[in-house]
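Here's a quick briefing on how the inside of this protein is packed. Have a look at the structure first, then come back for the details.

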Amino acid sequence: MNPATDNPPPTGPGTPSDLPGPLAFQLVLLRRMADHEPARVEDALRQLRVTRAQMREANRRWQARMHNPRARAGLQPYRALLGTPETVTTRRIGDLTCEALTWPVPLWPDLRFEVLTAPGGGVWNAWLVRAPGAPAPELRTTADLVPWSCTVDEVARAFPPARPMEGSAPTRWRLAITAPEPDGTRQDVVAEFTWGLYQRQA
């Protein structure tokens with residue numbers, strides 16, 4: 001048992017019900033990633049000074065919020081936890097004009113959480129992207145596919161043509177790519193992502 005993460009959640013300030021919104025949202029991100037990268041998630045929980053029980057509770061509350069038929073949909077759940085976005089930009093996708101809103105994520109300072117909204121306020125996409133001006137990793141071979149180091153868009157650009165595949169959950173993506181191994185041999189790979197961040201090869 002890991003005492004840093006397996007203890008029962010404490011009472012009083014810092015319990016899941018009153019964690020700061022941005023911290024609670026990071027726990028939501030980590031809960032989905034724990035299935036693929038449990039050791040990295042354990043390290044992140046220690047860094048955040050929270051328990052696995054708090055992570056599970058934060059995720060439970062998020063899921064309840066997202067699936068509550070009486071709650072407002074669209075951006076409201078994200079704004080409720082993350083507050084005012086760092087940036088709001090207009091983006092054209094085909095004939096449609098949409099808005100992209102981003103928030104910082106302290107666990108990954110070189111990334112931003114981006115929500116892409118459709119006309120009318122619905123959410124088209126929500127995932128982690130590279131922060132403007134932050135250096136992207138150099139992806140040349142399969143050895144460069146390191147968990148939590150790159151985003152969906154970066155892998156797709158590095159190894160074209162990438163073929164999107166259905167993920168196992170709404171927050172998960174998969175890309176079928178052909179990438180060289182370090183010895184130059186080309187390898188067919190299915191790269192798996194959670195919230196837009198690379199997790200593992202399937």
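What follows covers the nonpolar cores, the aromatic pairs and one loop residue.

Keep in mind that this is a predicted model. Its largest nonpolar core has 35 residues, and a search of the whole structure turns up ten aromatic pairs.

**The largest core**

- If you want the residues with the most contacts inside this core, look at L27, L29, L30, M33, W108, F113 and L128.
- Helices and strands both chip in: α1 (21-33), α2 (38-48), α3 (52-66) and α4 (76-82) each supply at least two residues, and so do β2 (96-104), β3 (111-117) and β4 (123-130).
- Helix α1 gives the largest share of the core, with eight residues.
- Apart from this core lies another one, made of 16 residues, with L139, W173, V189 and Y198 among them.
- As a general point, nonpolar side chains in soluble globular proteins tend to be buried together.

**F113 and its surroundings**

- F113 is one of the residues with the most contacts inside the largest core.
- Setting aside neighbours within four places in sequence, F113 is in contact with F25, L29, Y78, L82, L101, T102, W103, V105, A126, W127, L128 and W195.
- F113 also belongs to a cluster linked by ring pairs, together with F25, W62, Y78 and W195.

**Two aromatic pairs worth a look**

- F25 and Y78 pair edge-to-face, at 6.2 Å centre to centre and with 75 degrees between the planes.
- That pair ties together distant parts of the chain: F25 sits in helix α1 and Y78 in helix α4, 53 residues apart.
- F25 and Y78 are both buried.
- F193 and Y198 make another edge-to-face pair, with 5.7 Å from centre to centre and 70 degrees between the planes.
- F193 counts as buried because its relative accessibility is 0%.
- Y198 is buried as well, with a relative accessible area of 2%; Y198 is also among the residues of the 16-residue core.

**A loop residue: T141**

- Where does T141 lie? You'll find T141 in the loop between β4 and α5 (152-158).
- Is T141 buried or exposed? T141 is buried, because its relative accessible area is 17% and the cut-off for buried is under 20%.
- Not counting residues up to four places away in sequence, T141 touches F159, P180, E181 and P182.

Conventions:
Residues are numbered from 1 along each chain as its sequence is written. This is a predicted model: local features need pLDDT of at least 70, side-chain atom pairs count only at pLDDT 80 or more; totals for chains, interfaces and linings use all residues. Side-chain values use heavy atoms; hydrogens and water are left out. A nonpolar core is a set of buried Ala, Val, Leu, Ile, Met, Phe, Trp, Tyr and Cys residues joined through side-chain atoms within 4.5 Å. Buried means under 20% relative accessible area, exposed over 50%, partly exposed in between (1.4 Å probe, protein chains only). Helices (H or I, at least four residues) and strands (E, at least two) are DSSP runs, numbered from the N terminus. Contact means heavy atoms within 4.5 Å. Rings of Phe, Tyr and Trp (its six-membered ring) pair if their centres lie within 6.5 Å; planes under 30 degrees apart count as stacked, over 60 as edge-to-face and the rest as tilted.
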